[in-house]
Amino acid sequence: ILKVNFSNNYITSILEKEHPKRPLKTFFTGDDPVWGDIIDNKIVKLSYYQTILSKILTNNGEFLITGGLGSGKSTILMQLAVDRNLEGLKFYFNSITEETAKNLFSRIINFSSQMYIFIDNLQDNLDAYLFLKNNIKHNCSIICAERDFAYEMIINKCTFKNHNIID
């Protein structure tokens, strides 16, 4: 049922799909990352990738990756979403409404396995993030990314622990 209702967000479904190939130079000239780049492992992981992965593996909770425009936030988030070291149910959202978050929650509430929810562009998806954060209580990590200047505008609505903010 997750594959049907969340086929564009459920990482297992994303990995099963064929993804168009494109020249890597399009990424390096400023285009956003696409699943084909990530799944084919064309983009080298940044030096702090392992640090972020280790934090997620050792702690359930909320994590925020911040940085400037083009610093690699979305790329790292996508790379983490397909990382085989993170075992369990995984979902990736570039855009998620609170209604979609409620729908997802209703379908995963009884799962006992580990879950990872990746949310890019936190400011645009704040209502959904807050709903998930306040309602999912166990076996779940929520990993978000946001530009540093946008995070400054919503910091009072979020409760990320300082050691779980990676800039």
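## A parallel sheet and the helices packed on it

Five strands make up an open sheet whose order is β2-β3-β4-β1-β5, and the pairing within the sheet is parallel. The edges are formed by β2, residues 89-93, and β5, residues 165-166, each of which pairs on one side only. The model under discussion is a predicted one, and the description that follows should be read in that light.

A natural place to enter the sheet is strand β1. Six of the six residues of β1 are buried, so this strand is largely enclosed by the rest of the structure. Its side chains divide between two directions, with Glu62, Leu64 and Thr66 pointing one way and Phe63, Ile65 and Gly67 pointing the other, and the residues of both sets are buried. Towards β4, strand β1 pairs in the parallel sense over six bridges, and within that pairing Thr66 has Glu146 of β4 as its bridge partner. Towards β5, which runs parallel to β1, the connection consists of two bridges; here Ile65 is matched with Ile166 of β5.

From β4 the sheet can be followed towards its other edge. Strand β3, residues 115-119, and strand β4, residues 140-147, pair in the parallel sense over five bridges, and the bridge partner of Ile119 in β4 is Cys144. Strand β3 is in turn joined by five bridges to β2, and these two strands run parallel; in this pairing Leu89 stands opposite Met115 of β3. Although β2 is an edge strand that pairs on one side only, five of its five residues are buried, so β2 too is largely enclosed by the rest of the structure. Leu89, Phe91 and Phe93 point one way from β2, while Lys90 and Tyr92 point the other way, and each of these residues is buried.

How do the helices sit on this framework? Strand β3 and strand β4, paired over five bridges, both take part in the packing of two helices. Helix α5, residues 49-58, packs on the sheet and touches β1 (62-67), β3, β4 and β5, with its direction making about 165° with that of β1. Helix α8, residues 126-135, likewise packs on the sheet, where it touches β1, β3 and β4, and its direction makes about 155° with that of β4.

Helix α5 also meets a neighbouring element, helix α6, which spans residues 73-81; the two axes come within 11 Å and cross at roughly 50°. Because of that angle, α5 counts as oblique to α6, and the crossing is right-handed. The contact brings Tyr49, Ile52, Leu53 and Ile56 of α5 together with Ile76, Gln79 and Leu80 of α6. By character, the residues of this contact are six nonpolar and one polar, with no charged residue among them.

The loop between β1 and α6 contains Gly72. At 18% relative accessibility, Gly72 falls under the 20% cut-off and therefore counts as buried. The C-alpha atom of Gly72 is separated by 12 Å from that of Asp120, a residue 48 positions apart from it along the chain.

Helix α8 deserves a second look, as it is mostly covered, with seven of its 10 residues buried. The buried residues are Leu126, Ala128, Tyr129, Leu130, Phe131, Leu132 and Lys133. These buried residues pack against the strands β1, β3 and β4, and also against the helices α7 (98-108) and α9 (148-154).

With α7, the axis of α8 comes within 7 Å, and the two axes cross at roughly 30°. That angle is why α7 counts as roughly parallel to α8, and the crossing of these two helices is right-handed. In the contact, Glu98, Ala101, Lys102 and Phe105 of α7 meet Asp127, Ala128, Phe131, Leu132 and Asn135 of α8. The residues here divide into five nonpolar, one polar and three charged, whereas those of the contact of α5 with α6 comprise six nonpolar, one polar and no charged.

Methods. Residues are numbered from 1 along each chain as its sequence is written. This is a predicted model: local features need pLDDT of at least 70, side-chain atom pairs count only at pLDDT 80 or more; totals for chains, interfaces and linings use all residues. Side-chain values use heavy atoms; hydrogens and water are left out. Two strands pair if DSSP finds at least two bridges between them. Helices (H or I, at least four residues) and strands (E, at least two) are DSSP runs, numbered from the N terminus. Contact means heavy atoms within 4.5 Å. Axes are lines fitted to C-alpha atoms, for helices over the stretch in contact, and angles run from 0 to 180 degrees between N-to-C directions. Buried means under 20% relative accessible area, exposed over 50%, partly exposed in between (1.4 Å probe, protein chains only). Angles under 35 degrees count as roughly parallel, over 145 as roughly antiparallel, 65 to 115 as roughly perpendicular and the rest as oblique. A crossing is left-handed if the near helix is turned anticlockwise from the far one by less than a right angle, and right-handed if clockwise. Ala, Val, Leu, Ile, Met, Phe, Trp, Tyr, Cys and Pro count as nonpolar, Asp, Glu, Lys and Arg as charged, and the others, Gly among them, as polar.
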